[in-house]
Amino acid sequence: MQDQTQAGQDALSAYFFQIADGAKTQAADPFYDLFSIIRQVMAAAALVLDSVAGTCESPVPECGSGCSFCCHSRIHVMPLEVVVICSYVHNHFSPKAMQGLKTRIRTNLSYTRGCSLTQRVAVKDQTPCIFLNHHTCSIYDQRPFICRTWNSLSRQDCETAFISGNQNAEIPCLSAPNYVYTLARDVVQAVCKTMHLETGRFELVSAMDRCLGMKDAPSAWTGGCTVFGRSGGDESREKTEKNSGKEER
Ligand code: SF4
């Protein structure tokens, strides 16, 4: 059984590597290669999940627009995800929206910088995700892998965990999105490594602060520079990737 599970995992990883290789050979510009790789692997993961949903009867998550309890957690992302988001906000946010984003980053960091997890949980009401706008994700199509893994079969349980601040609450969820998107993300990270690009996992707010504070950080990172190394690479406290009320993911 263990062997079968491993074989399935290897096959899915191989499939994602194949998608990434295909995307890599399609574009001549390394900058767009990388964007294309992450987008195509994300799209492939979504298709895999669609086909899984089409072949078996499974409950439907209660997640939807207007529900944002999980968007008050601390998010960890890989550099390529930050670079993609950074390019997106530069190209799509109005000057006013950009100013608002920078203000939210400053506010968030003023509440959370140097704080323990318990201290962060205590101020989670004041520290929603910097991309949350009226309970809606303002970068939804560009949201990181980790946001795609999360789902909940009980909005009520999310609300209860949020109100109580119970970091250990177990939220009923589908395991497939977690499994598939985590594998997909690991493949993208591995591809970045083979291209000698900075990898790792960084706290989103600090990483965005770093990226927006640098002149053309996306080009610097794509060119092989270390951009995020000092922006909060607190990987020692690993985020959880299964759905629970834990405040880190
Ligand atoms: S990036 Fe979007 S989906 Fe992810 S936590 Fe922030 S608002 Fe929520």
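In which helix does Leu 117 lie? In this predicted model, Leu 117 belongs to helix H5, which is formed by residues 117-122. Leu 117 has 13 C-beta neighbours inside 10 Å and therefore counts as partly exposed, since a residue is called buried when it has 20 or more such neighbours and exposed when it has 12 or fewer. The C-alpha atom of Leu 117 is 9.2 Å from that of Arg 74, although 43 residues separate the two in sequence.

The protein chain as a whole contains 10 helices and four strands, and these elements follow one another along the sequence in the pattern α-α-β-α-α-α-β-β-α-α-α-β-α-α. Of its 249 residues, 33% count as buried. Among the contacts in the protein chain with a separation of 6 or more, 76% are made by residues that stand 24 or more positions apart.

In soluble globular proteins, nonpolar side chains tend to be buried together. The largest nonpolar core of this model comprises 54 residues, and those with the most contacts inside it are Ala 20, Ile 38, Val 41, Val 82, Ala 184 and Val 188. Several helices give two or more residues to this core, including H1 (2-26), H2 (30-55), H3 (79-92) and H8 (175-194); H2 gives the most, with nine residues. When neighbours within four places in sequence are left aside, Ile 38 is in contact with Leu 80, Val 84 and Val 188.

Helix H4 covers residues 95-112, and its 18 residues, at 1.5 Å a residue, should span 26 Å; the C-alpha atoms at its ends are 26 Å apart, so the expected and the computed values agree. After H4 comes Gly 114, which has a positive phi, near 75°.

Further along the chain, Met 195 is found in the loop between H8 and strand E4, the latter made up of residues 202-203. Met 195 has 16 C-beta neighbours inside 10 Å and for that reason counts as partly exposed. Its C-alpha atom is separated by 8.5 Å from that of Gly 224, a residue 29 positions away along the chain.

The model also contains a ligand, and the residues around this ligand are Cys 71, Ile 75, Cys 129, Phe 131, Leu 132, Cys 137, Ile 139, Arg 143 and Cys 147. Sorted by class, this shell consists of eight nonpolar residues and one charged residue, with no polar residues.

Notes. Residues numbered from 1 in each chain as written. Predicted model: local features only at pLDDT ≥ 70, side-chain atom pairs only at ≥ 80, totals over all residues. Near = placed C-beta within 6 Å. Nonpolar A, V, L, I, M, F, W, Y, C, P; charged D, E, K, R; others polar. Core = buried A, V, L, I, M, F, W, Y, C linked by C-beta atoms within 7 Å. Contact = placed C-beta atoms within 7 Å. Expected span 1.5 Å × (residues − 1).
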